[in-house]
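User: I have a model open and want to work through it. Can you take my questions one at a time?

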Amino acid sequence: MDFLEAERRLLTLSRSPDDVPLIQVRGVTRSYRSDVETVWAARDVDFVAYPGDFVCVFGASGSGKSTLLNLLAGLDFAEAGEIQVGNVDVRKADEKERARLRLHTVGMVFQDHQLIEEFTAVENVALPAEALGASASAAREEAMRRLARVGLTGLEDRLPGQMSGGQRQRVGMARALMGDREILLGDEPTGSLDSESTLGLFKTIRTLCDEGTLAVICSHDARCQAFADVCFEMVDGRLIPQGPDGGRTA
Ligand SMILES: Nc1ncnc2c1ncn2[C@@H]1O[C@H](COP(=O)(O)OP(=O)(O)O)[C@@H](O)[C@H]1O
Ligand SMILES: [Mg+2]
């Protein structure tokens with residue numbers, strides 16, 4: 001499959017003409033220059049994603065995966081190109097608009113679950129609700145619902161230390177989606193999980209996407225291809241579409 005075919009597959013992926021992209025990235029470049037070299041963390045990156053898409057990005061360490069996610073979340077700055085996330089033009093947005101984007105539209109999870117150890121699962125998930133202006137009871141209600149959606153019913157009152165690595169990552173995903181955030185960005189969320197827990201987490205992300213969440217998940221584990229709608233390999237800042245067989249297509 002050549003590049004054009006991959007693009008066509010991407011564009012024809014169960015889209016109706018009325019579907020509106022949630023993420024549009026065009027010609028995005030981010031480099032680091034020193035006296036001796038230029039490192040391309042993102043190089044002419046293009047991609048479009050829609051509500052419900054599971055987008056998987058795999059690539060070697062240093063290839064630019066974290067840079068891409070940080071650019072989408074408005075945590076890093078591109079030097080060229082366009083980044084549209086929801087109705088926000090991220091490159092033109094000021095600091096306040098970018099903070100609003102992260103509060104209302106984009107949630108992130110990382111290799112380290114970043115939960116508060118003294119808080120229970122439901123308390124951790126409910127945390128963003130205060131910033132979102134929800135009452136304590138509404139926050140708890142939404143947190144319970146989100147924990148159920150990631151398969152953690154019955155574990156709401158456990159502390160992070162009383163859960164497995166995979167369960168903790170699910171709590172992190174539930175928290176990242178509080179306030180009906182539409183986009184989940186995962187920076188190697190399976191990085192410290194065993195093989196079976198990794199598959200479990202991919203399955204959970206698939207379920208969230210089937211319910212309408214758009215997930216962009218960076219991973220070292222190429223098995224995410226089995227669950228994703230669209231796959232890319234990142235190589236030296238370039239985002240290369242992958243065929244269904246996982247072979248390089250460009
Ligand atoms: N603040 C920085 N200063 C200089 N180089 C950086 C900085 N941040 C990232 N890089 C470089 O950009 C490239 C991409 O980094 P990153 O996005 O973290 O890759 P990945 O997440 O795939 O490991 C790497 O070569 C890295 O060394
Ligand atoms: Mg990284």
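What follows is a set of questions and answers on the ligand shell, the two sheets and a few single residues.

User: What kind of model is this, and which residues surround ligand 1?
Analyst: This is a predicted model. The shell around ligand 1 draws on β2 (38-49) and α2 (65-72), each giving two or more residues. Its members are Y32, V39, A41, G59, S61, G62, S63, G64, K65, S66 and T67.

User: Which element gives the most to the shell around ligand 1?
Analyst: Two elements, β2 and α2, give two or more residues each. With 3 residues, the top contributor is α2.

User: By class, how many residues of the shell around ligand 1 are polar?
Analyst: The shell has 3 nonpolar residues and 1 charged residue. Gly counts as polar here. The polar count is 7.

User: What is the strand order of the open sheet of 4 strands?
Analyst: Pairing in this sheet is antiparallel. β2 and β5 (88-89) each have a single partner strand, so they stand at the edges. The order is β2-β1-β4-β5.

User: Which strands of that sheet does α2 touch?
Analyst: α2 packs on the sheet, and its direction makes about 55° with that of β2. The strands it touches are β1 (23-33), β2 and β4.

User: Which residue stands opposite Q84 in β5?
Analyst: β4 (residues 80-85) and β5 run antiparallel and are joined by 2 bridges. Opposite Q84 stands D89.

User: Is D44 buried, partly exposed or exposed?
Analyst: D44 is found in strand β2. Its phi is positive, near 55°, although it is not a glycine. Buried takes 20 or more C-beta neighbours and exposed takes 12 or fewer. D44 has 14 inside 10 Å, so it counts as partly exposed.

User: Which strands are the edges of the open sheet of 6 strands?
Analyst: The order in this sheet is β6-β7-β8-β3-β9-β10, with mixed pairing. An edge strand here pairs on one side only. The edges are β6 (106-110) and β10 (238-241).

User: By how much are neighbouring strands of this 6-strand sheet turned against each other on average?
Analyst: The value ignores strand direction. On average the turn is 20°.

User: What is the bridge partner of G186 in β8?
Analyst: β7 (residues 183-187) and β8 (residues 214-219) pair in the parallel sense over 5 bridges. The partner of G186 is I217.

User: Which strands does helix α7 touch, and which does α8 touch?
Analyst: Both helices pack on the sheet. α7 (residues 165-176) makes about 165° with β6 in direction. α8 (residues 195-210) makes about 160° with β8. α7 touches β6 and β7, while α8 touches β3 (54-59), β7 and β8.

User: Which residues of β10 form its covered face?
Analyst: Side chains in a regular strand alternate between the two faces of the sheet. In β10, R238 and I240 make up the uncovered face. The covered face holds L239 and P241.

User: Which residue takes a positive phi in the hairpin of β9 and β10?
Analyst: β9 (residues 230-235) and β10 run antiparallel, joined by 4 bridges. Within that pair, M234 stands opposite L239. The hairpin has 2 residues between the strands. The residue with a positive phi, near 50°, is D236.

User: Is E188 buried or exposed?
Analyst: E188 lies in the loop between β7 and α8. Its phi is near 50°, a positive value in a residue other than glycine. The cut-off for buried is 20 C-beta neighbours. E188 has 21 inside 10 Å, so it counts as buried.

User: How far apart in space are F58 and E233, C-alpha to C-alpha?
Analyst: F58 sits in strand β3 and is buried, with 23 other C-beta atoms within 10 Å. Its contacts beyond four places in sequence are S219, H220, A222, C224 and E233. F58 and E233 are 175 residues apart in sequence. In space, the distance is 5.0 Å.

User: Which residues have the most contacts inside the largest nonpolar core?
Analyst: This core has 66 residues. Beyond four places in sequence, L72 touches I23, I83, V85, V106, L185 and V216. The residues with the most contacts inside the core are L72 and A215.

Technical notes
Residues numbered from 1 in each chain as written. Chains lettered and ligands numbered in written order. Predicted model: local features only at pLDDT ≥ 70, side-chain atom pairs only at ≥ 80, totals over all residues. Near = placed C-beta within 6 Å. Core = buried A, V, L, I, M, F, W, Y, C linked by C-beta atoms within 7 Å. Contact = placed C-beta atoms within 7 Å. Pairing = 2+ DSSP bridges. Axes fitted to C-alpha atoms, helices over the stretch in contact; angles between N-to-C directions.
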